[in-house]
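Hi there,

Here is the structure I promised to pass on to you. Have a look at it first, and then read my notes on its charged side chains below.

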Amino acid sequence: QEMEAHEAQQDAKDEDDKELDGAEPAEAVEADVGKRHAIEDEEGAPVINVSHLPDILDANAPKEAIGKVQSIVQELLVIQGEEDGKALDLGSVLCQEDGRVLGAVVDVFGQISHPHYLVLPSESCKKDLPPVGAAVLAATGMQETSFLCDRADLAALQNQVDSDEESDLIDGDE
């Protein structure tokens, strides 16, 4: 019985070894970790692609200041948004003051009144990453760029809700 158990363990180890024989070397796996792949098979997950982005925007392309480069982590840019500024939506395109495209927003985190962004850099940006502290602008002329609601929008919405409630009360009294 002990011999059979040992043979079963050896067979299982041999199967594991066969699976590993076809595996990529550790260096290839590590190199692949740095590449960003879109999650396409996860239902509802946004697919953000930067391969189509231009290297630089037209000189007269509309842009709006949104913050500054806070840090660079594993080839991703961390952008600190302006306090009380409008928050950008996922996929929004960011650039530098001179119009050089940085990439697209892949995550928004922090407070809505002081958002931070994780940005997947474009290929041209990877070759020339901006320094920490560099000004960052939203490429508002690009269709991918959109803002989430800001405080002014929320205040206007609240005023509308309040006036609708007052109107309902007045109408209900008649």
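**Salt bridges and a ring**

By the rule used here, the count comes to four salt bridges. Please keep in mind that this is a predicted model.

A good place to start is Arg 100. Its side chain meets that of Asp 98 in a salt bridge, at 2.8 Å from N to O. Arg 100 also forms a salt bridge with Asp 128, with an N to O distance of 2.6 Å. This second pair links distant parts of the chain, 28 residues apart: Arg 100 is in the loop between strand E3 (93-95) and strand E4 (101-111), while Asp 128 is in the loop between helix H3 (123-127) and strand E6 (135-138). Together, Asp 98, Arg 100 and Asp 128 are linked in a network of salt bridges.

Are these residues buried or exposed? Arg 100 is partly exposed, with a relative accessible area of 32%. Asp 98 is partly exposed at 44%, and Asp 128 is partly exposed at 43%.

Now look at helix H3, where Lys 126 and Glu 123 are three residues apart, so about one helical turn separates them. Their side chains meet in a salt bridge of 3.4 Å, N to O. Lys 126 counts as partly exposed, at 29% relative accessibility.

Finally, the rings. Lys 86 lies over the face of Phe 147, at 4.3 Å from the ring centre. As for aromatic pairs, the structure holds zero of them.

Enjoy exploring, and write back with any questions!

Best wishes

Notes: Residues numbered from 1 in each chain as written. Predicted model: local features only at pLDDT ≥ 70, side-chain atom pairs only at ≥ 80, totals over all residues. Heavy atoms only, no water. Phe/Tyr/Trp six-rings, centres within 6.5 Å; stacked < 30°, edge-to-face > 60°. Lys NZ or Arg CZ within 6 Å of the ring centre and 35° of its normal. Buried < 20%, exposed > 50% of the residue type's maximum accessible area, 1.4 Å probe, protein only. Helix = DSSP H or I, 4+ residues; strand = E, 2+ residues; numbered from the N terminus.
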